[in-house]
Structures are given as structure tokens and as C-alpha cells.
Amino acid sequence: MEIDGHTRLVGLIAHPAGHSKSPAMHNAAFAKTDVNARFLAFDVEPDQLPDAITAMRTFKMLGASVSMPFKQAVIPLLDHLDKTAELVGAVNTVVNHDGELTGYTTDGIGFVEALKDDGVRLAGQTMTLAGVGGAGTPIAIQAALSGLKTLNVFNINDPSVKNAKHIVQVINEQTDCHATFYPLEDRDQFKQSIAESDIYTDATGLGMGKLVDKTLVDDPTWFHPDMTVFDTVYAPSVTKLMGVAQQANVAHVINGQGMLLNQGAAAFKLWTGKEMPLKQLSL
């Protein structure tokens, strides 16, 4: 589709932004669905964030993706938050409704949809979650809102532990899920929790980059065949944790690629009202 006088703009607001795969994904989806829009990445300096949000209104943009370091900083500049973004305290998607900007978080939706794609349900289940940071926080909230019965949260004793305990409190106060916090240093409790869980989710970032050879669980006997093991890491496609789970013949072993694609698809639908044709995209 050619750019014309009716072409709408969507942007990534991040710093840095040049590494992002979002422009390729969303522009391919616009083309496949005949949406007259273009997606560009904008590297925004922290002191320029208010100007970027003003520009979104001025240029009548469809909206924007928001990445680090702006997922929290953008909130005071918006008009509305959806419930999940409010509970999580972070925004990764902004939608422009005739000049009024609403913030959403689609990371947790990406997690839930990735599980559905693999035939895994959350309703009524017990999950152990390791790591409650940028990925783990929306995962915890969205899983609780999606009918999870019990959530056992494990986090190391670093600055993020305050957030982990806060999220557990929010879940217990505002959802029907029962959440409990445990220190990740308690290995016996960690092992027992995994053994009693239907789903184990690792949102720590171990298994990627310089930590590619690291995993919290290196003993296959910690897992049982009837469970799901979900690693939010998407590169490499098979992490060390996933290899351990495969040795245990775990029924569902899932990496983070589906979560990444589905969170983008959720944002795409918020901007356009259309389903992103994931199966037609070569990314």
C-alpha cells in the first residue's frame, strides 16, 4: 500500500530504539491487512518524553509502543489506563482515541496467548513464577486476571523484591487468585513449589546473552511430565532450562517467542481493530 495523505503513523518510543524488530513486524502486518499506516522507531531522550507524547496528539497518530526506559515514566502523561496497566504500574502500548491517550500493557496478554497456542489453560491452575521484573510483573497480573487459582512468586533479595511483594499484595487484594511470596534463596521451598505446580514460568532472564549457560533448575527430577515449563527468553530458541525440562519429558516446554509475537499482536489489534496475521509474517 502506497503512502498517501491518509496514511496514519504508529511509533516506538524508546531509548535506544534502533535494535527493535517492531517496525518490521507491524509494517508487514499493516501490508497484509490493508491498513493504511506505517510504524517507525523513535529514539527519544528521557527529557524529550513529554514532547513525544504531545506529538502523538498533534500528529493524530494511531498510537505507540513504549519500551525502556519509559514504561513507567509515560503514565503521568496519559489520560487513561486500562485495568491491567494500572495494576502492573507500567505501559507498553498507547492508543490515541481522538486525542485522548489510553495506556495498556500487552506483555501479560502475550504470555497468556502463547500458552493458549500450545494448548495450555490457566484457569484453576497453580503456577510457580521466578522473577518479578519487567516481564514477570505483567505475567503475574495477567495470569491472575485470567483465572489462575494459585501463584507462588519467587524473587531474589535485590531491589526488585519490593516490587515482587507489592504485586503479590495487589493480586490478593484485587483478584480471585491466591498469591504467596517466597525468597528465591529458599531452594527447598522452590523445589516443593515446582513439584506442586501445573506451570513453572521463568522470567529471570537467565539463559540468554552472557547468562546463556545459567538456569535456576538444572535437575530434571524437579519437574514432572504433566506440567508446563515456560521460559520468557526467546533467543536462543532452546534455553538450558528448556533442555532440562525436555530431559524430564515435560508435556509443554515453551520459549518466549510466542509471548513476544502475541504481545505485538495484541497492540496491533488495539490500534487497528484487526487481528495480526501472525502465520503470514516471516520475521
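This is a short walk through one sheet and the helices around it. Keep in mind that the model is predicted.

Start with the sheet. Six strands make it up, and it is open. The order is β9-β8-β7-β10-β11-β12, with parallel pairing. The edges are β9, residues 178–183, and β12; each of these pairs on one side only. From one strand to the next, the twist averages 15°.

Now look at one end of that order. β11 and β12 run parallel, joined by three bridges. Find Thr228 there: Thr228 stands opposite His252 in β12.

Next, two helices that lie across strands. Helix α4, residues 107–117, lies across β7, β10, β11 and β12. Its direction is at about 140° to β11. Helix α5, residues 136–145, lies across β7, β8 and β10. α5 runs at about 165° to β7.

On to α8, residues 240–247. Which residues of α8 are buried? Leu241, Met242, Val244 and Ala245. They cover an arc of only 160° around the axis, so they sit on the same side of α8. What do they pack against? Three strands: β10 at 199–202, β11 at 228–231 and β12 at 252–254. After α8 comes Asn249, with a positive phi near 55°.

Last stop, Thr150. This residue lies in strand β8, which spans 150–155. Is Thr150 buried or exposed? The cut-off for buried is under 20% relative accessible area. Thr150 has 18%, so Thr150 counts as buried. Leaving out residues up to four places away in sequence, Thr150 touches Gln125, Thr126, Met127, Cys177 and His178.

Conventions: Residues numbered from 1 in each chain as written. Predicted model: local features only at pLDDT ≥ 70, side-chain atom pairs only at ≥ 80, totals over all residues. Heavy atoms only, no water. Buried < 20%, exposed > 50% of the residue type's maximum accessible area, 1.4 Å probe, protein only. Helix = DSSP H or I, 4+ residues; strand = E, 2+ residues; numbered from the N terminus. Arc of directions from axis to C-beta. Contact = heavy atoms within 4.5 Å. Pairing = 2+ DSSP bridges. Axes fitted to C-alpha atoms, helices over the stretch in contact; angles between N-to-C directions.
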